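Me: I should like to go through this model in questions and answers. Please define each term where it first appears.

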2 protein chains.
Amino acid sequence: MGPMSETSPPAPQGDPLDQFLCFSVYATGLAFNRVYKPLLDRFGITYPQYLALVALRGADAQTVSALGAKLHLESNTLTPLIKRLESAGLVTRTRDKQDERVVRVALSDAGRSLIDDALGCIPAALLEATGMRAEELTALNHKLASLGAALRSAAAPAGRAG
Amino acid sequence: MGPMSETSPPAPQGDPLDQFLCFSVYATGLAFNRVYKPLLDRFGITYPQYLALVALRGADAQTVSALGAKLHLESNTLTPLIKRLESAGLVTRTRDKQDERVVRVALSDAGRSLIDDALGCIPAALLEATGMRAEELTALNHKLASLGAALRSAAAPAGRAG
DNA sequence: TGCGATTTAATCGCGCGCGATTTATATGGG
DNA sequence: CCCATATAAATCGCGCGCGATTAAATCGCA
């Protein structure tokens with residue numbers, strides 16, 4: 001993203017980067033990670049692993065591709081991450097009998113209880129860290145989601161007007 | 001972030017992750033990167049390097065710490081990044097004569113003309129990729145910036161109520 | 001049936017972020 | 001003056017993201 005409103009001749013502002021929406025997204029992502037880190041360290045998982053466990057909680061025995069569709073990641077990122085979760089005993093990986101190409105990933109009992117525990121306290125801690133009202137965050141969430149969707153379709157290689 | 005509005009009993013929605021603001025920030029960050037990648041490849045730089053060059057354009061001969069304050073990064077991340085920019089001939093690194101501990105980073109002529117060229121076309125391409133109006137993006141930018149600031153102060157180790 | 005095209009994961013290399021540590025320089029108190 | 005402390009940057013290891021490639025299984029079609 002670039003300077004958004006070119007209609008600002010007078011003040012040079014704090015920093016040029018602050019005019020970039022992409023930078024706000026980038027920096028807020030870093031900030032989220034820093035808030036999550038100490039909370040997730042107590043569970044021995046990373047932030048991407050936390051997201052994967054949340055996604056797995058939604059539906060069990062998902063393929064790597066299906067999980068990737070939810071997380072917007074591909075096997076080159078997911079396979080090593082899932083193997084680390086497997087080493088930690090939090091998920092199981094099984095080749096599909098019908099189609100040996102696909103690997104199905106499921107929460108183990110330990111994984112399920114870990115993510116349930118985590119969801120019991122972490123979201124509340126995060127909500128407090130934002131210092132904002134839930135409805136305000138929901139609105140922001142929706143706007144960001146549609147921005148993300150627009151960017152994803154713009155980044156898609158095939159068939160776009162423009 | 002967690003489920004934001006617990007006031008939604010009926011629909012299980014698309015995916016649980018979509019209820020997490022942190023995930024929208026994370027996924028939108030990934031999406032921004034994917035839009036930037038082909039644009040920045042033509043200049044031979046990465047997205048963090050692009051941000052660093054933008055920050056350097058704002059004020060020359062900055063210390064690593066000052067640059068880090070703008071980017072919300074520290075020397076463990078910045079030093080290697082800056083060295084890559086130096087190898088590419090885009091910035092210069094010089095030890096401060098008054099205080100030999102500090103390193104001052106400045107754009108080279110090549111770096112300045114590269115970032116000027118990049119800013120000449122990339123922000124417009126990004127604006128188009130969002131498919132949103134500039135004023136809407138500006139509003140989103142401000143909300144995200146204050147969210148980021150809140151998270152950063154919550155993540156700061158010392159002296160907080162709560 | 002056979003065999004190329006497609007699909008699904010996995011592998012590899014590189015550039016971040018970052019916690020932890022190290023090195024080098026500067027500063028201040030006895 | 002000397003040494004403890006502080007500060008700035010650099011180094012190291014690990015876990016992502018991801019482009020590119022590979023391996024293996026399935027599908028399709030003659």
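**DNA surfaces and helix packing**

Me: By class, how many nonpolar, polar and charged residues does the surface near DNA strand D have?

Reply: A residue counts as near a strand if one of its heavy atoms lies within 4 Å of it. Ala, Val, Leu, Ile, Met, Phe, Trp, Tyr, Cys and Pro are classed as nonpolar, Asp, Glu, Lys and Arg as charged, and the others, Gly among them, as polar. On that basis, the surface near DNA strand D has eight nonpolar, ten polar and nine charged residues.

Me: What kind of model is this, and which features need pLDDT of at least 70?

Reply: Residues are numbered from 1 along each chain as its sequence is written, chains are lettered from A and ligands numbered from 1 in the order in which they are written, and side-chain values use heavy atoms, with hydrogens and water left out. This is a predicted model, in which totals for chains, interfaces and linings use all residues, side-chain atom pairs count only at pLDDT 80 or more, and those that need pLDDT of at least 70 are local features.

Me: What percentage of the atoms of DNA strand D that come within 4 Å of the protein do sugar and phosphate account for?

Reply: There are 27 residues around DNA strand D, of which Arg84(A), Arg34(B), Ser65(B), Thr79(B) and Arg93(B) come nearest. Among the atoms of this strand that come within 4 Å of the protein, the share of sugar and phosphate is 69%.

Me: How far does a polar side-chain atom of Arg34(B) lie from a phosphate oxygen of DNA strand D?

Reply: A polar contact is a pair of N or O atoms within 3.5 Å; within protein, one must be able to donate a hydrogen and the other to accept it, and residues adjacent in sequence count only if both atoms are side-chain atoms. The side chain of Gln49(A) places an N or O atom 2.7 Å from a phosphate oxygen of DNA strand D. For a polar side-chain atom of Tyr26(B), the distance to a phosphate oxygen of that strand is 2.7 Å. For Arg34(B), the corresponding distance is 2.2 Å.

Me: Which residues come nearest to DNA strand C?

Reply: By class, the surface near this strand has eight nonpolar, ten polar and nine charged residues. Of the 27 residues around DNA strand C, those that come nearest are Arg34(A), Ser65(A), Thr79(A), Arg93(A) and Arg84(B).

Me: Which atom of DNA strand C is 2.8 Å from an N or O atom in the side chain of Asn76(B)?

Reply: A phosphate oxygen of DNA strand C is 2.6 Å from an N or O atom in the side chain of Tyr26(A). The side chain of Ser75(A) has an N or O atom 2.8 Å from a base nitrogen of the strand. For Asn76(B), the partner at 2.8 Å is a base nitrogen.

Me: How are α2(A) and α5(A) oriented: roughly parallel or roughly perpendicular?

Reply: Helices (H or I, at least four residues) and strands (E, at least two) are DSSP runs numbered from the N terminus; axes are lines fitted to C-alpha atoms, for helices over the stretch in contact, and angles run from 0 to 180 degrees between N-to-C directions. Angles under 35 degrees count as roughly parallel, over 145 as roughly antiparallel, 65 to 115 as roughly perpendicular and the rest as oblique. Helix α2 (residues 47–58) and helix α5 (residues 109–130) of chain A pack at about 110°, with axes 10 Å apart. Therefore, α2(A) and α5(A) are roughly perpendicular.

Me: Which residues of α4(B) does α3(B) meet?

Reply: The axes of α3(B) and α4(B) are 10 Å apart, at an angle of about 110°. Contact means heavy atoms within 4.5 Å. From α3(B), Val64(B), Leu67(B), Gly68(B) and Leu71(B) meet Ser75(B), Leu78(B) and Ile82(B).
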